[in-house]
Amino acid sequence: FRKLFIVPSNLAHIPRVSILSLLWSYISKEPESERIQRLFLPLANESGHPIILVWTFGLWIIHVLDFKIGETALRDRRWVRQLPPQDLLIWRLVGRSNLAFTIGETWRKHSKAVTTAFQGPPPIESIVRSSKELFTVLGEGGTFKWNDLTLRVTLDILGDAILGHQFKAVLQPHSPFVNGYHDTMESFGQLIREKEKKKGPDVISRMLECEDLTFDDVLDNVSVLFVAGHDTAAGALSSLIYYLAKYPTYQNQARDEAKKVIQNSDTLDQEMLTKMPFGLACVQETMRMNNSSNFTLPREADTPMMLGKYHIPPKTMMCFNISGIHHLENTWRDHNTYNPTRFLSPGSGDDKSSFPIAPFGLGLRQCPARHFAMWELRGILAMLLVNYRWRLVEGSIHSEVVQNGFSFGTNLNLPRDLDIVFEKL
Ligand code: HEM
């Protein structure tokens with residue numbers, strides 16, 4: 001038992017977070033993002049060590065808090081992604097033959113198919129349709145549990161864009177589909193069978209055209225896209241609307257920009273979105289402040305490796321700490337202040353940003369749906385801006401800083417109990 005807490009001698013040269021502090025943090029259910037701010041960042045900032053060792057329930061994991069070192073490592077094929085243990089429930093949910101939970105040649109096959117499938121046009125039609133359904137619920141305005149609504153809107157957009165199927169989670173939150181995952185898996189299978197007969201402009205139809213994938217491969221990938229893409233997008237949308245509720249000046253600035261571009265509050269297209277750099281900056285700053293994913297899944301190498309100035313023995317777990325990197329004091333001025341204008345310097349904008357942010361990871365296993373997710377966030381924001389004004393409810397638990405739920409094991413930042421007051425324009 002004592003062994004669980006003893007640092008392996010070949011890792012003892014790496015600065016480490018105190019085990020006692022970590023134990024207390026886990027026992028008191030401190031959200032991951034707060035643990036990073038309170039325990040990881042001081043070590044990285046004060047001692048200037050961007051590579052730190054973290055005890056995680058008996059496992060020693062190296063967290064990289066340096067953008068360049070992390071980027072180089074994530075592009076290096078010798079660092080191989082670790083798969084979750086075989087007996088986890090997640091295997092039953094997503095199957096074993098998909099992009100997220102394979103490595104090597106099998107992963108390359110899935111990656112090619114999924115990346116190609118995501119190369120279609122942005123899901124603007126789904127965004128507009130889902131936004132309008134959301135507005136039916138918001139009506140003339142009132143107080144709404146926004147973190148719940150974001151789960152429903154993002155599920156609808158995923159369903160529409162990935163499967164070409166409208167779940168209507170916003171309008172019918174208690175439909176059988178939304179309630180049970182066994183039903184869900186069955187529904188996926190049926191929908192894909194129908195898709196084989198009648199293809200549409202959705203991601204799955206494009207995947208079905210890929211000869212390398214079997215029916216089961218496609219089914220597993222659909223499940224993984226829902227698992228990987230639902231909470232992450234919903235968390236980002238919750239945080240985005242939260243920050244603009246907390247900072248009305250930025251909300252008004254974003255609205256002025258959106259109103260100049262969108263003449264009719266019912267319509268939206270890709271070109272309009274590209275004319276809203278401030279809206280994009282708000283999304284980027286939201287992801288810097290409270291990214292849905294705190295860090296990447298761990299990687300391991302079979303051979304000795306270097307991370308910055310440190311020798312890393314083979315079979316050591318390493319992850320890229322996204323939230324840590326997004327808050328480093330020597331990179332970000334006033335790192336705890338929400339300030340979208342920092343992303344407005346020349347050269348920033350669609351894919352030209354030279355800022356060291358990596359909300360979707362980096363390198364070989366970077367999120368394949370990153371453009372999809374960005375259009376989704378920018379699109380819903382634009383639609384909301386020209387139709388509603390919003391603020392935090394009086395006495396909100398989020399009035400000082402965003403409060404994420406405890407998410408040990410899922411590594412996600414999902415604002416909890418986020419009540420927002422909407423007012424129709
Ligand atoms: C704001 C929203 C999102 C964020 C912040 C996000 C973040 C990430 C990150 C950080 C990774 C890399 C994990 C690693 O390197 O270990 C990743 C991978 C992945 N994401 Fe996303 N994601 C988002 C939305 C989505 C959506 C909407 C989908 C699907 C429709 C999706 C599907 C995936 C998949 C399948 C992978 C695994 C790729 C692989 O292993 O090769 N994500 N995402």
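This report walks through the ligand site, the aromatic pairs and a few individual residues of a predicted model.

## The iron and its donor

Let's start with the metal. The ligand carries an iron atom, and its only protein donor is C367, through SG, at 2.4 Å. If you want to find C367 along the chain, look in the loop between α15 (322–325) and α16 (370–387).

## Around the ligand

Which residues come nearest to the ligand? Of the 29 residues around it, they are W107, L297, R299, R365 and C367. C367 is the iron donor already mentioned, and three of the others have short polar distances to ligand oxygens. The side chain of R299 puts an N or O atom 2.8 Å from an oxygen atom of the ligand. For L297 the backbone does the job, with an N or O atom 2.9 Å from a ligand oxygen. R365 uses its side chain, where an N or O atom is 3.0 Å from an oxygen atom of the ligand.

As for where the shell comes from, the elements giving two or more residues are α7 (146–163), α11 and α16. Helix α11 supplies the largest share, 6 residues. Sorted by class, the shell has 20 nonpolar, 6 polar and 3 charged residues.

## Aromatic pairs

There are 17 aromatic pairs in the structure. Take F118 and F372 as one of them: the ring centres are 5.7 Å apart and the planes sit at 75°, so this pair is edge-to-face. F118 is in the loop between α5 and α6 (124–138) while F372 belongs to helix α16, so the pair ties together parts that are 254 residues apart in sequence. Are these two buried or exposed? F118 has 15% relative accessibility and counts as buried, and F372 is buried too, at 10%.

Y243 and Y338 make a stacked pair, because their planes are at 5°, with ring centres 4.6 Å apart. This pair also links distant parts of the chain: Y243 is in helix α11 (residues 215–246), Y338 is in the loop between α15 and α16, and 95 residues separate them. Y243 has a relative accessible area of 4%, so it falls in the buried class, where the cut-off is under 20%. Y338 is buried as well, with a relative accessible area of 1%.

## A ring cluster and two charges over rings

Some rings join up beyond single pairs. F135, F144, W146, Y388, W390 and F422 are linked into a cluster by ring pairs. One member of that cluster, Y388, has a charge over its face: K424 lies there, at 5.0 Å from the ring centre.

The other example to look at involves an arginine. R288 lies over the face of W332, and the distance to the ring centre is 5.2 Å.

## Two positive phi values

Which residue in the loop between α1 (19–27) and α2 (32–46) is worth a look for its backbone? K29 is located there, and although it is not a glycine, its phi is positive, at about 55°. With 53% relative accessibility, K29 counts as exposed.

D334 is another non-glycine residue with a positive phi, near 45°. D334 is placed in the loop between α15 and α16, the loop that also holds C367 and Y338. Its relative accessible area is 53%, so D334 is exposed.

## T115 and E196

Finally, two residues in helices. T115 is in helix α5 (residues 104–117), and its side chain reaches the backbone oxygen of S111 at 2.5 Å. How exposed is T115? Its relative accessibility is 35%, so T115 counts as partly exposed. Measuring across the model from C-alpha to C-alpha, T115 and L244 are 32 Å apart in space, with their positions 129 residues apart in sequence.

E196 sits in helix α9 (residues 181–197). E196 is partly exposed because its relative accessible area is 40%. The C-alpha atoms of E196 and L208 are separated by 7.0 Å, and the two residues are 12 apart along the chain.

Definitions and conventions. Residues are numbered from 1 along each chain as its sequence is written. This is a predicted model: local features need pLDDT of at least 70, side-chain atom pairs count only at pLDDT 80 or more; totals for chains, interfaces and linings use all residues. Side-chain values use heavy atoms; hydrogens and water are left out. Donors are N, O and S atoms within 2.8 Å of the metal (3.2 Å for Na, K and Ca); water is not among the atoms, so sites may look incomplete. Helices (H or I, at least four residues) and strands (E, at least two) are DSSP runs, numbered from the N terminus. Buried means under 20% relative accessible area, exposed over 50%, partly exposed in between (1.4 Å probe, protein chains only). A polar contact is a pair of N or O atoms within 3.5 Å; within protein, one must be able to donate a hydrogen and the other to accept it, and residues adjacent in sequence count only if both atoms are side-chain atoms. Rings of Phe, Tyr and Trp (its six-membered ring) pair if their centres lie within 6.5 Å; planes under 30 degrees apart count as stacked, over 60 as edge-to-face and the rest as tilted. A charge sits over a ring if NZ of Lys or CZ of Arg is within 6 Å of the ring centre and within 35 degrees of the ring normal. A residue is near a molecule or strand if one of its heavy atoms lies within 4 Å of it. Ala, Val, Leu, Ile, Met, Phe, Trp, Tyr, Cys and Pro count as nonpolar, Asp, Glu, Lys and Arg as charged, and the others, Gly among them, as polar.
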